[in-house]
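Please look through the structure below alongside its sequence. The paragraphs that follow begin at one residue and work outward from there.

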Amino acid sequence: NLYGQTRHLIRLVSDLRELSLAESGHLPLEKIPTDIQQIITDSLQALEPLSAEKNVQMENEAGARSEVSVDPFRIRQVIFNLLSNALRHTPEGGKISIKTLSDEKEITVLIQDTGDGLSPEEAVSVFNRFYRADRSRSRETGGTGLGLSIVKAIIEAHGGHVKAQSDGKSLGSTFSFSIPL
């Protein structure tokens, strides 16, 4: 319908603008000391009804040290995006776990799922604009194809890096990001 297409175009333009700002180093970041653990907890709670409906177990295995100077709104966007992607690609009865690791230099957040998995090519390409590992997802049933590009741009704007790993198709995936302390 026309209304749905209009909404989708508005979202696409908004995502492209945000991505453009981030990639050009002009995305405004309001960094404050932030408890990543609290953002993880809030994101898991927000997605709980969807995971229950899909019968996917979500586990918070985050470690102890989790305070870092970041833009909490942007990091919430990253974690929520990665968790909802994992949920979309994990079949009924599957599991998603989120962990944090830290050393004296950086904190790393890992989101591991028992879902679709990625081929080696997909693991490299998945953060590219408009890339879709699942070719059957259309613009109507999926998002704009920019979510992971935005995740990458936000993390890089924080001086960090992102990574996708998988042992192959239907063997699950691990998406992670690291931010300097």
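In this predicted model, a useful place to begin is Ile 79, which, leaving aside residues up to four places away in sequence, touches Ile 36, Ile 39, Ile 40, Ser 43, Ile 98, Ile 111 and Phe 177. Two of the residues in this group, Ile 79 and Phe 177, are those with the most contacts inside the largest nonpolar core, a set of 37 residues. The elements that contribute two or more residues to this core are α2 (36-54), β3 (67-70), α3 (72-88), β4 (95-102), β5 (106-113), α5 (147-157), β6 (161-165) and β7 (173-180), and the greatest contribution comes from α3, with seven residues. In soluble globular proteins, nonpolar side chains tend to be buried together.

From the core one can turn to the sheet, an open arrangement of five strands in the order β2-β4-β5-β7-β6, with mixed pairing. Because β2 (57-61) and β6 each have a single partner strand, they stand at the edges, and one side of each is left without a neighbour in the sheet. On average, and with direction ignored, neighbouring strands of this sheet are turned by 15° against each other. Within the sheet, β4 and β5 run antiparallel and are joined by seven bridges; as one point of reference, the bridge partner of Lys 99 is Leu 110, in β5.

The helices can then be placed around these strands. Helix α2 lies across β2, β4 and β5, and its direction makes an angle of about 170° with that of β2. In α5, the buried residues are Leu 148, Ser 149, Ile 150, Val 151, Ala 153, Ile 154 and Ile 155. Just after α5, Gly 159 adopts a positive phi of about 85°.

It remains to set these parts within the whole chain, which has five helices and seven strands, following one another from the N terminus as α-β-α-β-β-α-β-β-α-α-β-β. Of the contacts between residues at least 6 apart in sequence, 72% join residues at least 24 apart. Buried residues account for 45% of the 181 residues in the protein chain, while the chain exposes about 9,700 Å², of which carbon and sulfur atoms supply 52%.

Key: Residues numbered from 1 in each chain as written. Predicted model: local features only at pLDDT ≥ 70, side-chain atom pairs only at ≥ 80, totals over all residues. Heavy atoms only, no water. Helix = DSSP H or I, 4+ residues; strand = E, 2+ residues; numbered from the N terminus. Buried < 20%, exposed > 50% of the residue type's maximum accessible area, 1.4 Å probe, protein only. Contact = heavy atoms within 4.5 Å. Areas by Shrake-Rupley, 256 points an atom, 1.4 Å probe, with all protein chains shown as cover. Core = buried A, V, L, I, M, F, W, Y, C linked by side-chain atoms within 4.5 Å. Pairing = 2+ DSSP bridges. Axes fitted to C-alpha atoms, helices over the stretch in contact; angles between N-to-C directions.
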